[in-house]
Amino acid sequence: MDERLKSLIEDNVMKVISIEYPTPLKNCNIKNDNIDIFVKLENGNKYCITVATIDWISNHVGERHLPSGSPDLIVKELQNQLIEDAVKEYSEDDAYWLRVFSMSYRDEVPD
């Protein structure tokens, strides 16, 4: 596991084992795009999280709200460190928010 990722682990955080990018970040517009990531936790659960930039959100908001199926995690730019920091927060309290988002998919992502 990446040393930066190890440094994100705290006692109240479910340990993040890996973050996978099915689409390489280099293929994305870091300021105006979205991407799916797979987050694997120490308990073996694997979650699919959609990450989007603020600019992408601005460009896709309807007249009054974002459409259904909107991104789960919003970052300023699609950069590894920003995404890892956000995933760290989402893995706090026994991965509460990761589990909430997985419920919208009915379950965690299978291997």
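Here are some questions and answers about a predicted model of a protein.

Q: In what order do the helices and strands run from the N terminus on?
A: There are four helices and four strands to place. Reading from the N terminus, the order is α-β-β-β-α-β-α-α.

Q: Which strands stand at the edges of the sheet?
A: The four strands make an open sheet with mixed pairing, ordered β1-β2-β3-β4. An edge strand has a single partner, so one of its sides is left without a neighbour in the sheet. That description fits β1 (16-20) and β4 (73-75).

Q: How many degrees does the twist average from one strand to the next?
A: The sheet in question is the open one, in the order β1-β2-β3-β4. Going from one strand to the next, the twist averages 30°.

Q: What is the bridge partner of V51 in β4?
A: Strand β3 covers residues 46-53 and runs parallel to β4, with three bridges joining the two. On the β4 side, the partner of V51 is L73.

Q: At about what angle does helix α3 run to β4?
A: Helix α3 takes in residues 80-90 and lies across β1, β2 (34-41), β3 and β4. Its angle to β4 is about 140°.

Q: Which residues does Y21 touch, leaving out those up to four places away in sequence?
A: Y21 sits in the loop between β1 and β2. Its relative accessible area is 21%, and buried means under 20%, so Y21 counts as partly exposed. Setting aside residues up to four places away in sequence, Y21 touches I35, I37, N80 and I83.

Q: What distance separates the C-alpha atoms of Y21 and V39?
A: Y21 belongs to the loop between β1 and β2. Along the chain, Y21 and V39 are 18 residues apart, and their C-alpha atoms are separated by 9.2 Å.

Q: Which geometry does the aromatic pair of Y96 and W97 have, stacked or edge-to-face?
A: The count comes to one aromatic pair. Its rings, from Y96 and W97, are 5.0 Å apart centre to centre, with 85° between the planes. Planes over 60 degrees apart count as edge-to-face, so this pair is edge-to-face.

Q: Is W97 buried or partly exposed?
A: Its ring partner Y96 is partly exposed, with a relative accessible area of 41%. W97 has 43% relative accessibility, and buried means under 20%, so W97 is partly exposed.

Q: How many disulfides are there in the count?
A: A disulfide is a covalent bond between the sulfur atoms of two cysteines. C28 is buried at 12% relative accessibility, and C48 is buried as well, at 15%. The disulfide count comes to zero.

Q: Is A95 buried or exposed?
A: Most residues other than glycine have a negative phi. In helix α4, though, D93 has a positive phi of about 50°, and A95 has a positive one near 60°. D93 is exposed, at 55% relative accessible area. A95 has a relative accessible area of 1%, and under 20% means buried, so A95 is buried.

Q: What share of the residues in the protein is buried?
A: The protein exposes about 6,900 Å², with carbon and sulfur atoms supplying 47% of that area. Of its 111 residues, the buried share is 37%.

Q: What share of the contacts with a separation of 6 or more comes from residues 24 or more positions apart?
A: The contacts that enter here have a separation of 6 or more. Among those, residues 24 or more positions apart account for 49%.

Technical notes
Residues are numbered from 1 along each chain as its sequence is written. This is a predicted model: local features need pLDDT of at least 70, side-chain atom pairs count only at pLDDT 80 or more; totals for chains, interfaces and linings use all residues. Side-chain values use heavy atoms; hydrogens and water are left out. Buried means under 20% relative accessible area, exposed over 50%, partly exposed in between (1.4 Å probe, protein chains only). Contact means heavy atoms within 4.5 Å. Accessible areas come from the Shrake-Rupley method with a 1.4 Å probe; for residues, only the protein chains shown count as cover. Rings of Phe, Tyr and Trp (its six-membered ring) pair if their centres lie within 6.5 Å; planes under 30 degrees apart count as stacked, over 60 as edge-to-face and the rest as tilted. Two strands pair if DSSP finds at least two bridges between them. Axes are lines fitted to C-alpha atoms, for helices over the stretch in contact, and angles run from 0 to 180 degrees between N-to-C directions. A disulfide is a pair of cysteine sulfur atoms within 2.5 Å.
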